Amino acid sequence: MADQLIPRREMQFQLYEVLNTAALCEKSRFEEHNVETFNAVIDMAEKMAEELFLPHNAVADKNEPTFDGTKVSMIDEVKVAFDTYRESGFIAGHFNFEDGGMQLPVTVMNACAGYFLAANPSSTAYPFLTAAAANVIKHFASDDIKSAFLSKMLAGDFTGTMALTEPHAGSSLADIRTSARPQDDGTYRIKGSKIYISGGEHELSDNIVHLVLAKIPGGPAGVKGISLFAVPKYRLNSDGNPDVRNDVTLAGLIHKMGYRGTTSTALTFGENGDCHGYLIGEPHQGLRYMFMMMNEARIGVGYGAAMIGYRGYRYSLEYAKDRTQGRAAPNLAPEDDPTPIINHGDVRRMLLAQKAYCEGGMSLCLYGSMLIDEMETEADSEKRTELSQLLDLLTPVFKAWPSEFGPKANDLAIQILGGAGYTREYPVEQCWRDNRLNPIHEGTNGIQALDLLGRKLWQHDGKGLQVLLARVTSDMKRAETPRAQTLAAKLKPYLDQLGALIQQAAADLRSDKQSVLLTNASCFLNIFSSCVVSWIWLRQANVAEQALNNNAGEQDVDFYEGKLAAAEYFLNWELPLVSRDIEVLRSREASCNNVKASYF
């Protein structure tokens with residue numbers, strides 16, 4: 001079916017009408033670019049995604065990587081796609097010209113990323129992880145480590161991973177046991193085990209640089225004692241080329257429900273006592289450094305969830321237009337022709353929900369990308385700090401909301417296809433399996449809820465929240481057209497209730513009610529996220545209705561009306577669903593807190 005990925009009209013709307021990405025060209029960092037260069041890069045991404053990534057998505061799912069005890073093998077198409085991606089310069093797309101990059105905005109690079117994520121999230125994972133790992137090295141590593149690894153990672157000669165999780169610890173990084181013993185030559189000997197390491201072993205590149213969290217003996221307890229190390233698969237010779245195998249062993253491949261084309265590995269470091277690692281930055285600061293990669297990855301997780309959801313939405317939309325079944329009122333007589341199922345009200349409901357979830361998630365995460373670009377180019381230090389605080393506050397939302405609702409969109413796509421959707425002959429079931437990972441990795445959504453309610457809201461005396469509310473209020477005031485005004489009025493009482501809950505939470509966190517509040521943190525995340533996404537839809541509705549009032553071209557009328565319909569659906573159907581969560585928090589409902597393990 002045609003047009004399975006992202007329509008260019010949609011991407012143009014998000015980039016240039018909602019976000020005004022073109023204005024970034026006025027900043028000195030991006031002054032060598034213009035809208036034409038942005039679009040040319042997006043054109044290239046779309047073409048590569050459709051021609052090299054999309055065709056082998058299902059093939060890689062059916063023929064996942066294998067390990068024969070010596071090396072990992074995978075279908076040839078993954079290597080072809082990876083090589084074309086790296087040769088096109090996409091890994092280094094956002095990096096500075098002097099680093100060999102294209103110095104493009106994060107917003108534009110994430111627009112490009114959307115096509116790859118929709119086409120084939122498994123093969124896309126390898127270069128995406130590499131870019132994120134390279135970014136950590138660029139910002140925090142010594143010149144020697146940068147010289148050894150950075151340029152080759154940006155060129156795709158070396159790939160990168162993030163090695164955090166250990167079998168016994170999961171998300172509790174305070175409990176990691178991997179150790180790093182200092183040596184006289186300034187290197188460290190790493191010893192420990194890591195699990196669920198995406199891209200941890202393969203033959204796509206000459207080397208793999210693992211970013212490993214470990215503890216130096218004698219350091220502080222808990223997370224304050226975590227350091228970060230670059231641990232290559234191969235140590236380098238005097239010429240900087242891969243030489244002897246480092247003491248990093250693949251213990252086995254992990255077989256996943258989805259993302260089957262991406263190797264998920266269990267790795268052992270230092271099994272023979274000779275795993276060389278290189279300290280990144282200062283000792284005991286590893287978690288702070290890694291959070292840069294994790295926060296970048298969290299926006300990527302949310303965006304990926306929206307894009308995989310969008311792929312299923314586009315497929316189910318085309319299917320609904322083509323598949324005839326039954327008859328729609330008033331043409332219900334047996335002699336009337338069967339109708340395309342898109343004419344059935346319940347199918348339109350499911351399509352509208354998918355549109356609201358996926359285009360809402362896309363717009364949300366591109367907004368987060370724009371915050372990064374604004375922060376990097378803002379000359380005023382006070383405004384730059386405000387942008388950083390807003391980005392930090394919203395990161396749990398960028399990750400959690402799309403990763404909750406992207407899979408829900410895929411579930412609806414399966415439902416629209418009916419029995420066909422439940423079969424492997426159609427792509428929507430794979431979309432759901434791939435997307436089901438996103439509520440889990442880079443910090444489960446439950447962890448995002450605790451992070452938001454227990455930490456992010458209160459950082460910097462709540463400055464991030466103040467900045468957010470100022471922006472939301474400003475956009476509500478700009479809603480001057482009738483339908484947008486109605487949406488703003490729908491949102492206001494929920495914002496008022498959210499404000500009251502935040503005041504209640506501030507008191508509860510300092511009292512014996514803290515346990516009940518934190519147990520119900522997911523309720524708060526849902527309310528907060530739903531209000532934020534409602535605002536994101538209000539922003540889109542503002543643009544759409546103003547365009548219609550300004551005599552939009554005939555070819556755009558349906559597009560803008562579709563935007564308004566999705567915005568109205570979200571605020572009328574989805575936002576009111578948080579009423580249950582509001583009541584749970586307001587009444588301090590304690591069922592989940594009080595239940596004992598023995599009751600199950």
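**Exercise 1. Find the partner of Arg-349 and describe how exposed each residue of the pair is.**

Solution. Start with Arg-349, which is partly exposed in this predicted model, since its relative accessible area is 29% and the partly exposed class runs from 20% to 50%. Next, look for a carboxyl oxygen within 4 Å of its side-chain nitrogens; Asp-346 supplies one, and the closest N and O atoms of this salt bridge are 2.7 Å apart. Asp-346 is likewise partly exposed, with a relative accessibility of 44%. Finally, place the pair in the fold: Arg-349 and Asp-346 both belong to helix H9, where they are three residues apart, about one turn of the helix.

**Exercise 2. Work out which parts of the chain are linked by the salt bridges of Lys-463 and Lys-456.**

Solution. Take Lys-463 first: its side chain meets that of Glu-386 in a salt bridge, with an N to O distance of 3.7 Å. This pair links distant parts of the chain, because Lys-463 is in helix H13 and Glu-386 in helix H10, 77 residues apart. Both ends are partly exposed, Lys-463 at 28% relative accessibility and Glu-386 at 24%.

Then turn to Lys-456, which forms a salt bridge with Asp-392, the closest N and O atoms being 3.6 Å apart. Lys-456 lies in the loop between helix H12 (445–454) and H13, while Asp-392 is in helix H10, so the pair ties together parts that are 64 residues apart in sequence. With a relative accessible area of 5%, Lys-456 is buried, as the limit for that class is under 20%.

As a last step, set these pairs in the wider count, which comes to 36 salt bridges and includes a network that links Glu-10, Lys-355, Glu-359 and Lys-563.

**Exercise 3. Describe the second largest pocket by its volume, its lining residues and the helices that supply them.**

Solution. Begin with the volume, which is about 460 Å³. The lining holds 23 residues, and those closest to the centre of the pocket are Leu-19, Met-370, Glu-374, Leu-387 and Arg-471. Sorting the lining by character gives 10 nonpolar, three polar and 10 charged residues. Helix H9 (345–377), helix H10 (381–417) and helix H13 (463–477) each supply at least two of the lining residues, and H9 gives the most, with five.

**Exercise 4. Identify the residues that form a nonpolar surface patch with Val-595.**

Solution. Val-595 lies in the segment after helix H19 (591–594) and is partly exposed, at 34% relative accessible area. Together with Tyr-599 and Phe-600, Val-595 forms a nonpolar patch on the surface, and the accessible area of the three together is about 390 Å².

Methods. Residues are numbered from 1 along each chain as its sequence is written. This is a predicted model: local features need pLDDT of at least 70, side-chain atom pairs count only at pLDDT 80 or more; totals for chains, interfaces and linings use all residues. Side-chain values use heavy atoms; hydrogens and water are left out. Patches are made of residues with over 30% relative accessible area and no salt bridge: like charges are joined within 9 Å, nonpolar side chains (Val, Leu, Ile, Met, Phe, Trp, Tyr) within 5 Å. Accessible areas come from the Shrake-Rupley method with a 1.4 Å probe; for residues, only the protein chains shown count as cover. Helices (H or I, at least four residues) and strands (E, at least two) are DSSP runs, numbered from the N terminus. Buried means under 20% relative accessible area, exposed over 50%, partly exposed in between (1.4 Å probe, protein chains only). On a 1 Å grid over the protein atoms alone, a cavity is a set of points where a 1.4 Å probe fits but cannot get out, and a pocket is an open set with protein on both sides within 12 Å along at least five of seven lines; lining residues have an atom within 4 Å of a point. Grid points are joined across faces, edges and corners, and a volume is the space filled by probe spheres set on the points. Ala, Val, Leu, Ile, Met, Phe, Trp, Tyr, Cys and Pro count as nonpolar, Asp, Glu, Lys and Arg as charged, and the others, Gly among them, as polar.
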